[in-house]
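Q: I'm new to this structure and would like a close look at a single part of it. Could you pick one helix and walk me through it, along with what sits around it?

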Amino acid sequence: MTLQRFLSTWDGVNRENRFNRLFILLLIAANIALAVTLIQTDRTVVLVPPTLEHEVTIGRNSASQEAKDVWALFVVELLGHVTPSNANFLITALDPLLAAAIRQEVLKVLDEQTTAIKRENVSLSFEPGAITHDPKNDNIYITGKHVTTGPGAQPVAIERTYVLRIIFQNYRPRVAYLDVYPGPARLSTEPPKPPSAPRGDPS
């Protein structure tokens, strides 16, 4: 009996149908397993920022040091360049980047300081000079020259250091710690402390 004649019989049709149903069930099971695997996999995003010459890696809740440095510099650029005309924009731009643990306290301090900047009509600028990392608490220290300019007065320049801890939540950067003080970076010799609001003016 040829294959064609066998399949044309009722028994052949039933056998073919049973085989097709089994094959379809196997395909469905494979697709379900693939879908579950994709959902549970922590996707990694690879970016090449214009400020860097090499790629950085961002995961759902983690990122390479280069990515954290880029965002830390971005935040410092906002904090370090404040004038009476852009003081309100500073708060608007920083608000989405602040982690929940420090958001209210930082916004309160920034609101007070930007109000003082507008009242006294002073301008602040900051020129980053060095970046240091503290592996003990994952802090980033950005040190540079801070200049304060007021009406009818000579500019005052001092060395200033910003301390930030950048984390990633659902691929989004968040500032989990923020501090600023005059002088060079002071790397921690103690265990990490809870996040705090920035000290001094917003630059």
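**A close look at helix H5**

A: Let's start with one residue, Arg103, which is partly exposed because its relative accessible area is 28%, and buried would mean under 20%. Keep in mind that this is a predicted model. Arg103 is found in helix H5, so that's the part we'll explore.

Who does Arg103 touch? Leave aside the neighbours within four places in sequence, and Arg103 is in contact with Asp95 and Leu98. There's also a partner from far along the chain to look at: Val175 is 72 residues apart from Arg103, yet their C-alpha atoms are separated by 8.9 Å.

Now zoom out to the whole helix. H5 covers residues 100-120, which makes 21 residues. From its first C-alpha to its last, H5 reaches 31 Å, close to the 30 Å expected at 1.5 Å a residue. There's a bend in H5 too, of about 25 degrees, and you'll find it at Val106.

Val106 is also one of the buried residues of H5. The others on that list are Ile102, Leu107, Val109, Leu110, Gln113, Thr114, Ala116 and Ile117. As you scan those numbers, here's a handy bit of background: an α-helix has 3.6 residues a turn, so residues three or four places apart point the same way.

What do the buried residues of H5 pack against? Two helices and two strands: helix H3 (65-80) and helix H4 (87-94), plus strand E3 (123-134) and strand E6 (172-182).

Follow the chain just past the end of H5 and you reach Asn121, which takes a positive phi of about 55 degrees.

Since strand E6 is among the packing partners of H5, take a peek at what leads into it. The loop between strand E5 (156-169) and E6 is the place of Asn170, and Tyr171 is found in that loop as well. Asn170 has a positive phi of about 55 degrees, although it is not a glycine. Tyr171 isn't a glycine either, and its phi is positive at about 70 degrees.

For a last stop, hop over to helix H2 (residues 10-40), where Val36 lies. With a relative accessible area of 39%, Val36 is partly exposed. Val36 joins Ile24, Leu25, Ile28 and Ile32 in a nonpolar patch on the surface, and together they have about 460 Å² of accessible area.

Note on methods
Residues are numbered from 1 along each chain as its sequence is written. This is a predicted model: local features need pLDDT of at least 70, side-chain atom pairs count only at pLDDT 80 or more; totals for chains, interfaces and linings use all residues. Side-chain values use heavy atoms; hydrogens and water are left out. Patches are made of residues with over 30% relative accessible area and no salt bridge: like charges are joined within 9 Å, nonpolar side chains (Val, Leu, Ile, Met, Phe, Trp, Tyr) within 5 Å. Accessible areas come from the Shrake-Rupley method with a 1.4 Å probe; for residues, only the protein chains shown count as cover. A salt bridge is a side-chain nitrogen of Lys or Arg within 4 Å of a carboxyl oxygen of Asp or Glu. Helices (H or I, at least four residues) and strands (E, at least two) are DSSP runs, numbered from the N terminus. Buried means under 20% relative accessible area, exposed over 50%, partly exposed in between (1.4 Å probe, protein chains only). The expected span of a helix is 1.5 Å times one less than its number of residues. The bend at a residue is the angle between axes fitted to the seven residues ending there and the seven starting there. Contact means heavy atoms within 4.5 Å.
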